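Biologist: I'm new to this one and would like a guided tour. Could you walk me through how to read it?

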Amino acid sequence: MLVIAMDGPSGSGKSSVSKGVARALGLRYLDTGAMYRAVTWWMLRQGVPTDDPAAMAARAGEPVLSVGTDPDAPSISVDGTDVARPIRTKEVTGAVSAVAAVPEVRRRLVALQQEIIGTGGIVVEGRDIGTVVAPDAAVKIYLTASAEARAQRRSKELTGASVAATQADLARRDHHDSTRKADPLARAADAVEVDTTSLTLPEVITEIVRIANG
Ligand code: ADP
Ligand code: CDP
């Protein structure tokens, strides 16, 4: 059962690369960032203040997530509602790092992620996969790219967002994600670092498939 852990900062290419690698190797695909976004969407909808860690901790056990792992049709729902689109809004993106810093939220999602991973071969992308969620993964990749390249890629996906504003948002989120106490964004000691700044998406996928085939 092959598990590939894919970590890295925002916009380094984790989602696109992970889906491509999963397709190439016939594996499932799990977007753990979507799970943190789904809990954030639920907290906002319930009116739980996302600047109040204690309030979020008290409600962390309530939302019921369901996650599909087909790389060609990933899906996510909360309490039966499909949230694939609403979890990508500015409001959710702005609040997700604060929600993801709450230990009670992480404990619950990490347990669910480990349950999903336990049922077969999979590419799992996130911030703490190689360090916390799947420390025994056979293949660990840490994707990087320059701050400029990451901002340029992300602002291309968002209509009306300037590169400068996007770069500031990514920097804020990366800082929050890598300095929090619970499961911070970190490169596992045994992860292979792949810098995607001057590579194309197919080149990155080919390189990781080569690493996985070892
Ligand atoms: P992350 O999941 O790390 O936030 P995404 O995969 O969502 O990153 O975003 C990366 C974006 O950059 C996608 O639109 C992707 O097509 C684009 N991109 C351009 N060049 C590359 C590359 N060399 N590797 C990965 N993604 C790339
Ligand atoms: O795709 P993007 O880089 O915008 O982010 P994402 O992968 O959707 O993750 C959104 C947020 O969830 C991150 O900024 C982290 O705060 C959190 N996250 C996390 O804490 N741990 C993970 N394993 C995955 C995401």
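**Reading the ligand shells and the fold**

Modeller: Let's start at ligand 2, where helix 2 gives the largest share of the surrounding shell, five residues. Keep in mind that this is a predicted model.

Biologist: Which other helices each supply at least two residues of the shell around ligand 2?

Modeller: Besides helix 2 (32–46), look at helix 4 (90–100) and helix 8 (163–179). In total there are 16 residues around ligand 2, and Ser10, Gly33, Tyr36, Ala100 and Gly126 come nearest.

Biologist: How many residues of each class does the shell around ligand 2 have?

Modeller: Sort them and you get seven polar, five charged and four nonpolar residues.

Biologist: Now ligand 1. Which residues are the closest there?

Modeller: Gly13, Lys14, Ser15, Ser16 and Arg153 are closest, out of 16 residues that surround ligand 1. Two or more residues of that shell come from each of helix 1, helix 7 (147–157) and helix 9. Helix 1 has the largest share, with four residues. By class, the shell around ligand 1 holds nine polar, four nonpolar and three charged residues.

Biologist: Helix 1 then. How do I read which way a helix's residues point?

Modeller: The general idea is that an α-helix has 3.6 residues a turn, so residues three or four places apart point the same way. In helix 1, the buried residues are Lys14, Val17, Ser18, Gly20, Val21 and Ala22.

Biologist: What do the buried residues of helix 1 pack against?

Modeller: Four strands and one helix: strand 1 (3–7), strand 2 (28–31), strand 6 (122–126), strand 7 (139–144) and helix 9 (201–213).

Biologist: And what span does helix 1 have from its first C-alpha to its last?

Modeller: Helix 1 runs over residues 14–25, 12 residues in all, and reaches 16 Å, close to the 16 Å expected at 1.5 Å a residue. Just after helix 1 comes glycine 26, with a positive phi near 70°.

Biologist: Let's zoom out. How many helices and strands does the chain have?

Modeller: Nine helices and eight strands. Their C-alpha atoms, with the rest of the chain's, fill a box of roughly 45 × 40 × 30 Å along the principal axes.

Biologist: Why does the radius of gyration agree with a compact globule?

Modeller: Because a compact globule of 214 residues would have a radius of gyration near 17 Å, and the chain has 16 Å. Buried residues make up 42% of the chain. For contacts between residues at least 6 apart in sequence, 73% join residues at least 24 apart.

Key. Residues numbered from 1 in each chain as written. Chains lettered and ligands numbered in written order. Predicted model: local features only at pLDDT ≥ 70, side-chain atom pairs only at ≥ 80, totals over all residues. Near = placed C-beta within 6 Å. Nonpolar A, V, L, I, M, F, W, Y, C, P; charged D, E, K, R; others polar. Rg over C-alpha atoms; globule rule 2.2 N^0.38 Å. Buried ≥ 20, exposed ≤ 12 C-beta atoms within 10 Å, placed from the backbone. Contact = placed C-beta atoms within 7 Å. Expected span 1.5 Å × (residues − 1).
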